[in-house]
Amino acid sequence: MTISSGLNWNDTRCIVCMQEADLSIEHIIPRSIGGILTCRFLCKSCNERFGAGFEADARIAPEIRKAAGQHGESISDLRDRLEVGARYKQSFGDNDRTAELRKDRVLGAAKLNDSSLIVPEMEAAQKIRSILGKSGASDREINSAVKSWEAAPPNTEVDLGHGVFIKRWQNHPARPTYDEPALSPIVPLKIAFEFVSLILGGAVYLRNHTLQEVRRILTDQDEASADALIEVGLATASAPFHGIAFQGNRPNAQVQVRLFGTLSFTVEFPGLGIKTAPITYTHDLRTGVEEIRSKARNS
Ligand SMILES: [Zn+2]
């Protein structure tokens, strides 16, 4: 049994719901966190349910972003992509606010806790026009207010009339709140199940009770049951990579999932033994190079 034979999936049943269907391309490690290993073995509806559910939140999970951040600039594109939509706390004098990072790497508009509004500098003039316009200011008043804003000294309140005051903030450090939901244990379980499927090929459709239970957990998105099958650890890794390894039967089939080199999940499949040598898949996140290694000797 090898993985490369599994990559050209030739059965027509979805490996999760077991229904005959038009199968769609599935990213075994979610694409949102940089995964590129794919196989056409999920039906559209299972694929979409995963994509909109536990996979959608994976990208923004604090431990994922921290793990990606440990590798500095070497994977800066991916690291920055993970931050889009993440929440940052920002201080303005004695007041704080929380805002989400936009695609253009700027924190979006959001109110301070004293209820004044903070907008990105390049959008300030437009905002002033719209607020003053709604308060009944004339075009002349609005144009003059925008000029006052443009000439405003840093960190000084300026009265624009009609009860509108502005301040051009110069020093407003931002830091991530990391209060987004943690990574769902369904994510590593799904990765491990799909990797096992690649190894098993057609045998994955046998009604082994553990495989059936894993299918149920994935379908119900039952996090508590997923948790019970997974041991979480932190590893040290000098290089950023995603990896999946079938480690053998100890005595049950055991699969290790590594994300960004450092997040480690050991998934156990009770009552399932796979008669094959250990197999390791790695994806170097800097070069995009994938590798599959088997420990089988001369076989
Ligand atoms: Zn399905």
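The axis of a helix is taken here as a line fitted to its C-alpha atoms over the stretch in contact, and the angle between two such lines, which runs from 0 to 180 degrees, is read between their N-to-C directions. With this convention, the arrangement of helices and strands can be described for the structure shown above, which is a predicted model.

The protein is divided into domain 1, made up of residues 3-62 and 182-294, and domain 2, which covers residues 87-176. Taken over C-alpha atoms, the centres of domain 1 and domain 2 are separated by 46 Å.

Attention is given first to a pair of helices, H8 and H9. Helix H8 spans residues 186-200 and helix H9 spans residues 209-220, and their axes come within 10 Å of each other and cross at roughly 135°. Because an angle is counted as roughly antiparallel when it is over 145 degrees and as roughly perpendicular from 65 to 115 degrees, H8 is described as oblique to H9. The crossing in which H8 passes H9 is left-handed. On the side of H8, the contact is made by Ile 186, Leu 189, Lys 190 and Phe 193, and these residues are met by Val 214, Ile 217 and Leu 218 of H9. When the residues of this contact between H8 and H9 are sorted by class, six are nonpolar, none is polar and one is charged. Just beyond H9, in the loop between H9 and helix H10 (223-228), lies Gln 221, and the phi angle of Gln 221 is near 50°, which is a positive value in a residue other than glycine.

Helix H8 also lies across five strands, namely S10, S11, S12, S13 and S14, and runs at about 125° to S12. These strands belong to an open sheet of six strands, in which the order is S10-S13-S12-S11-S14-S15 and the pairing is antiparallel. The edges of this sheet are formed by strand S10 (230-234) and strand S15 (290-294), each of which pairs on one side only. On average, and with direction ignored, neighbouring strands of the six-stranded sheet are turned by 15° against each other.

The pairings within this sheet can be followed strand by strand. Strand S10 is joined to strand S13 (residues 263-269) by five bridges, and the two run antiparallel; within this pairing, Val 232 has Phe 265 of S13 as its bridge partner. Strand S11 (residues 241-249) is joined by six bridges to strand S14 (residues 279-284), again in an antiparallel arrangement, and here His 242 finds its bridge partner in His 283 of S14. Six bridges also join S11 to strand S12 (residues 253-259), which runs antiparallel to S11, and the bridge partner of Phe 246 is Val 255 in S12. Together, S11 and S12 form a hairpin with three residues between them. The loop between S11 and S12 contains Pro 251, and the peptide bond that leads from Arg 250 to Pro 251 is cis, with omega near -5°.

A further sheet, also open, consists of three strands in the order S4-S3-S9, and its pairing is antiparallel. Strand S4 (95-100) and strand S9 (174-176) stand at the edges of this sheet, and because each has a single partner strand, one side of each is left without a neighbour in the sheet. Neighbouring strands of the three-stranded sheet are turned against each other by 30° on average, with direction ignored. Strand S3 (residues 87-92) pairs with S4 in the antiparallel sense over six bridges, and in this pairing Tyr 88 has Ala 99 of S4 as its bridge partner.

A second helix pair is formed by helix H4 (residues 62-69) and helix H5 (residues 76-83), whose axes come within 9 Å and cross at roughly 155°. Since angles over 145 degrees are counted as roughly antiparallel, H4 is described as roughly antiparallel to H5. As H4 passes H5, the crossing is left-handed. The residues of H4 that take part in the contact are Ile 64, Arg 65, Ala 68 and Gly 69, and they meet Leu 78, Arg 79, Leu 82 and Glu 83 in H5. Sorted by class, this contact of H4 with H5 has four nonpolar residues, one polar residue and three charged residues.

How values were computed:
Residues numbered from 1 in each chain as written. Predicted model: local features only at pLDDT ≥ 70, side-chain atom pairs only at ≥ 80, totals over all residues. Pairing = 2+ DSSP bridges. Helix = DSSP H or I, 4+ residues; strand = E, 2+ residues; numbered from the N terminus. Domains from an automatic or database assignment. Parallel < 35°, antiparallel > 145°, perpendicular 65-115°, else oblique. Left-handed = near helix turned anticlockwise from the far one by under 90°. Contact = placed C-beta atoms within 7 Å. Nonpolar A, V, L, I, M, F, W, Y, C, P; charged D, E, K, R; others polar.
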